[in-house]
Amino acid sequence: MRLVIAKCSVDYVGRLKAHLPLATRLLLVKADGSVLVHSDGGSYKPLNWMCPPATLRVTSPDEVDLELGVVEQWTVQSAKTDDRLIINIHEKLDESSHDLGVDPGLIKDGVEADLQRLLAEQIETLGTGYSLIRREYFTAIGPVDILARDADGATVAIELKRRGDIDGVEQLTRYLELLNRDPLLAPVRGIFAAQQIKPQAKVLANDRGIDCVTLDYDAMRGVDDSESRLF
């Protein structure tokens, strides 16, 4: 990974146009070909970027840019579209490169994993008469977080998220399509459970016959008395 702190201006040209005026920024060049432009604010999101596959070409400025103070020009060209990220560097303040090696990836842990464990232990949070079949029920396209039975003995697939959005509903939809092909499980209905569920996700879930359940993580852990709260 290459890190460059520089005074630069940035233009994105292609399906849309965007301009970042001259300022000091962090330029991040990753081994996968992506280039990201960061400021010292705005949380974790880059101000602009180019996703891989892309190629980076470094050239000297023309006479016009040279008179404007540009000392180096980066052109990041997308391999799939005509989109380009053009970075005009006026001064490099610092530069370094680091070999980060192969990343092992994100290991599922923390709140989402805890939610799964707690809901499996407290499965009747979903309704009286619910019983657990198993956690991490394996399918050909990945594990369903929880498989359970409701009071009527019907199979229920539960997808858990910390913050529920449309992608989670789509994921559960794919699981339901696959599970309902199994005559030993069908009919299988779905429950989308999360601490927070976005309105768009609720609309999509309801349209597909999937129930939405908002979980109180603190109450499930026993550290919050939800019945005595005013709000």
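Where is Lys198 found? In this predicted model, Lys198 occupies the loop that runs between strand 11 (188-197) and helix 4 (199-207). With a relative accessible area of 47%, Lys198 is partly exposed. Lys198 also belongs to a positive surface patch, whose other members are Lys45, Arg162 and Arg163.

Strand 11 also has a part in the surroundings of helix 2 (111-121). The buried residues of helix 2 are Ala113, Leu115, Gln116, Leu118, Leu119 and Ala120. The elements that cover these buried residues include strand 8 (131-137), strand 9 (144-149), strand 10 (155-164), strand 11 and helix 5 (217-221). Other residues of helix 2 have a different setting: Asp114 counts as partly exposed, at 23% relative accessibility, and Arg117 is partly exposed with a relative accessible area of 33%. The side chains of Asp114 and Arg117 meet in a salt bridge, with an N to O distance of 3.9 Å. Both residues lie in helix 2, three residues apart, which is about one turn of the helix. An α-helix has 3.6 residues a turn, so residues three or four places apart point the same way.

The pair in helix 2 leads to the salt bridges of the model, of which the count comes to twelve. Side chains of opposite charge can pair when their charged atoms come close. Arg2 forms such a bridge with Glu95, and the closest N and O atoms are 2.8 Å apart. This pair links distant parts of the chain, since Arg2 is in strand 1 (residues 2-13) and Glu95 is in strand 7, 93 residues apart. Arg2 counts as partly exposed at 22% relative accessibility, and Glu95 counts as partly exposed at 38%.

Which residue forms a salt bridge with Lys7? The partner is Glu91, and the closest N and O atoms of the pair are 3.6 Å apart. Because Lys7 lies in strand 1 and Glu91 in strand 7, the pair ties together parts that are 84 residues apart in sequence. Lys7 is partly exposed at 35% relative accessibility, and Glu91 is likewise partly exposed at 37%. Arg2 and Glu95 also take part in a network of salt bridges, in which they are linked with Glu72 and Lys92.

The chain continues beyond strand 7 (84-97) into the loop that leads to helix 2, and His98 lies in this loop. His98 counts as partly exposed, at 40% relative accessibility. Leaving aside neighbours within four places in sequence, His98 is in contact with Met1 and Leu3. His98 and Lys30 are 68 residues apart in sequence, and their C-alpha atoms are 9.9 Å apart in space.

Is Asn48 buried or exposed? Asn48 has a relative accessible area of 10% and is therefore buried, the cut-off for this class being under 20%. Asn48 is placed in strand 4 (residues 48-50). Not counting residues up to four places away in sequence, Asn48 touches Tyr12, Ala18, Leu20, Val35, Leu36, Val37 and Leu85.

The backbone geometry completes the account. Most residues other than glycine have a negative phi, and most peptide bonds are trans. Pro52 and Pro53 are joined by a cis peptide bond, with omega about 0°. Pro53 is placed in the loop between strand 4 and strand 5 (54-59). A cis bond also runs from Ala186 to Pro187, where omega is near 0°. Pro187 lies in the loop between helix 3 (166-179) and strand 11.

What is the phi of Glu136? The phi of Glu136 is near 50°, a positive value in a residue other than glycine. Glu136 is found in strand 8, one of the elements that cover the buried residues of helix 2. Glu136 itself counts as partly exposed, at 30% relative accessibility.

Conventions: Residues are numbered from 1 along each chain as its sequence is written. This is a predicted model: local features need pLDDT of at least 70, side-chain atom pairs count only at pLDDT 80 or more; totals for chains, interfaces and linings use all residues. Side-chain values use heavy atoms; hydrogens and water are left out. Helices (H or I, at least four residues) and strands (E, at least two) are DSSP runs, numbered from the N terminus. Buried means under 20% relative accessible area, exposed over 50%, partly exposed in between (1.4 Å probe, protein chains only). Contact means heavy atoms within 4.5 Å. Patches are made of residues with over 30% relative accessible area and no salt bridge: like charges are joined within 9 Å, nonpolar side chains (Val, Leu, Ile, Met, Phe, Trp, Tyr) within 5 Å. Accessible areas come from the Shrake-Rupley method with a 1.4 Å probe; for residues, only the protein chains shown count as cover. A salt bridge is a side-chain nitrogen of Lys or Arg within 4 Å of a carboxyl oxygen of Asp or Glu. Lys and Arg count as positive and Asp and Glu as negative; His and the chain ends are not counted. The place of a charge is taken as NZ of Lys, CZ of Arg, CG of Asp or CD of Glu.
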